[in-house]
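Biologist: I should like to study one part of this protein closely. Would you please choose one helix, describe it in its setting, and then follow the chain onward from its end?

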Amino acid sequence: MARAAQRPGSAAYVLHSHDWSESSLILDLFTRDHGRVVAVAKGAKRPYSQLRPVLMPFQRLTLGFGVKRSEDAEVWLLRQAEWAGGSAWPGGAALLPGFYLNELLLRLMVRHDPHPALFDAYAQTLQAMGDPSLLQAALRAFELTLLRQLGHLPQMSVETVGARPVIAGRAYELHSELGVREAQWVGEPSAGPVVLDGQVLMDIEQALSLNTTIPTLMAACMPALSELKALLRTLIHYHLGSQTLRTRQLMMELQQP
């Protein structure tokens, strides 16, 4: 008979949930101490369940886990969940972009690989997204942090091939395979690839290297939000492979007249 065991609790967010039996849920969780975890919340759909009003996306939780030492140990057992405080997430225009962040984490993170700095960046990004004027900067800052934390973003202050320092005032590309390189196109900017000024790259690298807060990285992104959006979209698509982000597709459809 399998013996019950306890796992340490953790701060966490619900990324996604779906039904498991008539009364329970399967949860994809982003925890600060354990990384991405899949857990079952038994009885969470019952009207009187204490878990039911708590297990919502975009609110910080404190979770406690139990697990059976068996072949099913990859799916953890959620024993308790409590709201960790803080103001309610405003949602609104940030709701779909919030689910976009969740989908990025689900698609790009492997299970049980802790990234405390990324968890903290996610929490700060949700807070920043409450201001509509900061939404795009918050998204770009989180995308950069996610790619760096997962090892998908090269050093931005040097050319990847040759390690020559990036120079302010010169134009650079961020290539999916070749990394940072000086722009190869000479001509009208609208006719060539998307490029970034060397100063923007250096400012972004400084913010990333110092492990500063999301607001600091947002400030570094501000001068080139549209360029970064196009470049990071390409880079993320490259690392997703053939997978298509459903939230991105939905956002594009909603923008169509």
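Modeller: The account below begins with the whole chain and then turns to helix 3 and the loop after it.

The model is predicted. Its protein chain contains 7 helices and 8 strands. Of its 257 residues, 44% are buried. Among contacts with a separation of 6 or more, 60% are between residues 24 or more positions apart. The accessible surface amounts to about 13,500 Å², and carbon and sulfur atoms contribute 53% of that area.

Helix 3 covers residues 135-149, which is 15 residues. From its first C-alpha to its last it reaches 21 Å, close to the 21 Å expected at 1.5 Å a residue. Is this helix enclosed or open to the outside? It is largely enclosed by the rest of the structure, because 12 of its 15 residues are buried. A residue counts as buried when its relative accessible area is under 20%. The buried set includes leucines such as L135, L139 and L144, together with F142, and it also contains R140, E143 and T145.

What surrounds these buried residues? They pack against helix 1 (95-108), helix 2 (116-128), helix 4 (198-209), helix 5 (214-221) and helix 6 (225-240).

The pairing with helix 6 may be taken as an example. Two packed helices are described by the angle between their axes and the distance between those axes. For helix 3 and helix 6, the angle is about 35° and the axes lie 10 Å apart. Their crossing is left-handed. On the side of helix 3, the residues that meet helix 6 are Q136, A137, R140, E143, L144 and L147. Their counterparts in helix 6 are L225, L228, K229, L232, L235, I236 and H239. An α-helix has 3.6 residues a turn, so residues three or four places apart point the same way. With that spacing in mind, one may look again at A137, R140 and L144, which are among the helix 3 residues in this pairing.

Just after helix 3, G151 adopts a positive phi of about 80°. Further on, the loop between helix 3 and strand 6 (171-175) holds S157. Because its relative accessibility is 18%, S157 counts as buried. The side chain of S157 is joined to that of Q155 by a polar contact of 3.1 Å. Leaving aside residues up to four places away in sequence, S157 touches P165, V166, M202 and E205.

How values were computed
Residues are numbered from 1 along each chain as its sequence is written. This is a predicted model: local features need pLDDT of at least 70, side-chain atom pairs count only at pLDDT 80 or more; totals for chains, interfaces and linings use all residues. Side-chain values use heavy atoms; hydrogens and water are left out. Helices (H or I, at least four residues) and strands (E, at least two) are DSSP runs, numbered from the N terminus. Buried means under 20% relative accessible area, exposed over 50%, partly exposed in between (1.4 Å probe, protein chains only). Contact means heavy atoms within 4.5 Å. Accessible areas come from the Shrake-Rupley method with a 1.4 Å probe; for residues, only the protein chains shown count as cover. The expected span of a helix is 1.5 Å times one less than its number of residues. A polar contact is a pair of N or O atoms within 3.5 Å; within protein, one must be able to donate a hydrogen and the other to accept it, and residues adjacent in sequence count only if both atoms are side-chain atoms. Axes are lines fitted to C-alpha atoms, for helices over the stretch in contact, and angles run from 0 to 180 degrees between N-to-C directions. A crossing is left-handed if the near helix is turned anticlockwise from the far one by less than a right angle, and right-handed if clockwise.
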